[in-house]
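Visitor: Got a minute to walk me through this one? I'd like to poke at the geometry a bit.
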Amino acid sequence: MFSFPKPSYEQFFHTYPIQTFAVSRDEQQLMYSTNVSGSYEVWRMNLSNGFSQPITSIGQSNFGMTFSKDGQSLITSFDNDGDENAQIYALPANGGELLPLLTGESDRFMIGELTDDGNTLYYTTSKDNSTFLNICSYDLVTGHQNVMIEGKDAAHMFLTASKSGKVAYMKLFANSHSPGFILADGKTIPLANDNEQSHNVSGGQFIGEDTFYYLTNEGSETSELVKIDVTTEKIEKLTDEPHEDFTSMSYDKQKQLLYLVSSSGVEDTLYVYDIQTGTLVQTELPVSIVEKLHIGESGAIYLLGRGATSPFNLYRKRENEKWVPLTEFSIPGIDQKELSEPEMITYRSFDDTEIEALYFKAHRENNNGKLVLWPHGGPQASERKSFRAMFQAMTYAGFSIIAPNFRGSSNYGKRFMKLVEGDWGYGPRLDNVHCLDYMIEEYGYKKGETLLVGGSYGGYMALLLHGRHPEYFKAVVDIFGVSNLFSFYHSVPDFWKPIMKTWIGDPETDKERFTRDSPITYLSSMTKPMLVVQGANDPRVVQEESDQIVEALRAQGSEVDYLVLDDEGHGFSKKKNEIKVTKKINEFLLKFV
């Protein structure tokens with residue numbers, strides 16, 4: 001009867017991320033943060049009928065939430081226009097005015113957890129210790145704040161606590177070295193046999209006062225489930241799954257089960273560990289990537305996740321039932337079958353290292369023959385089967401995308417992840433170059449016709465590839481990328497500074513390498529048209545990084561379009577800005593088709 005127009009580019013962004021969620025103890029309410037209204041607000045869902053409504057009007061990103069014991073209020077936190085300085089508030093469960101609890105200009109307060117009695121909040125803060133952070137408690141009845149652990153020698157992060165107040169925490173010496181500890185009755189107990197060897201600790205659950213379960217990759221390539229007897233300090237490894245990498249843990253108190261999410265390669269899997277029998281069983285997931293998992297008092301499982309072609313959604317699974325979606329966000333007017341499900345490919349790099357990559361093929365009817373190289377951010381992160389509206393919009397517009405998980409990427413083992421430390425600009429760069437050589441040889445793309453787009457570390461890599469290998473590219477987009485390792489080293493947030501020498505090196509002793517690996521060294525080779533995007537409030541890659549490369553390029557007469565967003569940081573929290581930026585990127589790339 002009707003002939004509707006084809007979906008517009010903007011239509012792909014009429015779906016909405018969910019940042020986090022919390023469930024009340026009686027499981028009657030679920031709170032979540034989403035930008036359905038155009039900017040992030042807290043929404044309240046009535047779990048009996050599924051009805052949702054916004055209960056804030058703050059318009060800011062959420063950095064955590066937890067219900068009070070009686071379910072009458074929410075403890076939650078927000079930053080300001082992307083500055084990442086989270087401030088903690090109390091909010092009535094039915095909405096209303098925010099009550100400031102822990103706030104301070106230029107300070108950040110990171111929610112840990114509430115005690116079982118609901119009277120004390122554990123949190124990590126930069127207040128009075130911006131470099132190493134303090135782990136504190138806040139009495140919700142009296143308002144008293146107490147520094148429990150004063151950070152020294154590395155940034156300290158709260159993990160969890162026992163009923164009696166034993167505190168588990170980690171020290172962040174590097175992204176590949178974050179050992180854990182328990183503070184018990186004034187004594188510090190290490191969660192490793194050898195804290196000098198690089199390893200990570202994550203997750204954590206006290207079972208009673210004397211047994212602590214956690215995840216660590218000490219002595220192995222991937223993280224396994226381990227427990228420690230807090231009294232004897234004896235550590236026991238409980239799983240042996242070398243092809244899995246456990247990254248998060250959730251506890252079912254009633255059934256004495258631990259739900260373990262494994263993040264290995266480009267997809268997640270879910271396992272259930274029975275504490276009483278010691279058995280480990282894989283169970284089904286409704287998504288490819290798990291963002292958060294919570295076990296309700298009833299034993300019901302609540303999950304936030306996404307897939308390559310399915311946006312963020314919330315799910316629930318009750319005993320003996322299948323997963324049921326609690327939200328059903330999708331791209332309106334577009335069948336999921338029309339979206340690009342990536343193909344995983346592998347290739348050999350310059351030193352024969354095997355690299356995985358995700359290949360998103362262009363929509364068959366709109367294929368314009370152009371390939372976009374997307375080096376991911378991090379760099380100790382990875383490109384996975386997780387929904388990106390921009391990817392789906394670009395493939396529908398006719399572009400194919402190749403996203404390699406170059407050396408240094410997470411989810412491929414400890415040694416692989418460490419390969420980028422002290423080597424930001426050599427090995428990972430050549431992995432990207434060999435990815436293009438592979439795509440040219442195996443898929444018939446033409447050298448010199450590739451379009452290059454990257455954000456954060458990916459923006460840095462886009463700039464560096466442009467400067468050192470311009471012959472591969474036709475145009476370049478840099479989204480808040482590092483342009484100068486010297487200035488970047490000194491401009492990061494204070495609590496990043498202890499890890500910088502391990503991460504990128506020392507600007508004095510490694511001056512030659514810093515110069516060689518800084519994109520700004522190669523201005524004369526940057527001859528292709530460029531678009532640069534930057535958030536004015538970015539605390540990670542500050543605006544100076546983009547300003548200096550744009551100014552220098554323009555001074556030599558290069559073609560550079562520069563877009564600065566005054567109300568954003570390291571990403572796009574406001575829907576109008578996300579649409580504005582991605583639409584501009586698409587229009588820019590279409591010039592070269």
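Visitor: How much area do domain 1 and domain 2 bury between them?
Guide: About 1200 Å², with 50% of it on carbon and sulfur atoms. Buried area here is the accessible area (1.4 Å probe) that two parts lose on being put together, summed over both. Keep in mind that this is a predicted model: local features need pLDDT of at least 70, side-chain atom pairs count only at pLDDT 80 or more, and totals for chains, interfaces and linings use all residues. Residues are numbered from 1 along each chain as its sequence is written, and side-chain values use heavy atoms, with hydrogens and water left out.

Visitor: Which residues supply the area on the domain 1 side?
Guide: D81, E84 and T131 supply 36% of what domain 1 buries against domain 2, more than any other three residues. The contact (heavy atoms within 4.5 Å) takes 16 residues from domain 1 and 14 residues from domain 2.

Visitor: And where are the domain bounds?
Guide: Domain 1 is 18–152 and domain 2 is 347–591; bounds like these come from an automatic or database domain assignment. Taken over C-alpha atoms, the two centres are separated by 33 Å.

Visitor: OK, sheets. What's the strand order in the one with 8 strands?
Guide: That open sheet runs β29-β30-β32-β31-β33-β34-β35-β36, with mixed pairing. Strands are DSSP runs of E, at least two residues, and helices are runs of H or I, at least four residues, both numbered from the N terminus. Two strands pair if DSSP finds at least two bridges between them.

Visitor: Which strands stand at the edges?
Guide: β29 (343–348) and β36 (560–565); each has a single partner strand, so one side of each is left without a neighbour in the sheet. The twist averages 20 degrees from one strand to the next.

Visitor: What packs on that sheet?
Guide: Helix α8 (residues 543–555), touching β34 (473–479), β35 (530–535) and β36. The direction of α8 makes about 155 degrees with that of β36. For angles, axes are lines fitted to C-alpha atoms, for helices over the stretch in contact, and values run from 0 to 180 degrees between N-to-C directions.

Visitor: In which sense do β31 and β32 pair?
Guide: Parallel, over 3 bridges, with β31 at residues 371–373 and β32 at residues 400–405. L371 stands opposite S400 in β32.

Visitor: Switching to helices: how do α3 and α4 cross?
Guide: The axes of α3 (residues 427–443) and α4 (residues 457–468) come within 10 Å and cross at roughly 70 degrees. That makes α3 roughly perpendicular to α4, a label that covers 65 to 115 degrees.

Visitor: Which residues meet there?
Guide: P428, R429, N432 and V433 in α3 meet Y457, M461, L464, L465 and R468 in α4. By class, that contact has 6 nonpolar, 1 polar and 2 charged residues. Ala, Val, Leu, Ile, Met, Phe, Trp, Tyr, Cys and Pro count as nonpolar, Asp, Glu, Lys and Arg as charged, and the others, Gly among them, as polar.

Visitor: Last thing, backbone oddities. Where's the cis peptide bond?
Guide: A cis bond joins G378 and P379, with omega about 0 degrees. P379 is found in the loop between β31 and α1 (389–396).

Visitor: And what's phi like at L133?
Guide: Near 65 degrees, a positive value in a residue other than glycine. L133 lies in the loop between β10 (120–125) and β11 (134–139).

Technical notes. Parallel < 35°, antiparallel > 145°, perpendicular 65-115°, else oblique.
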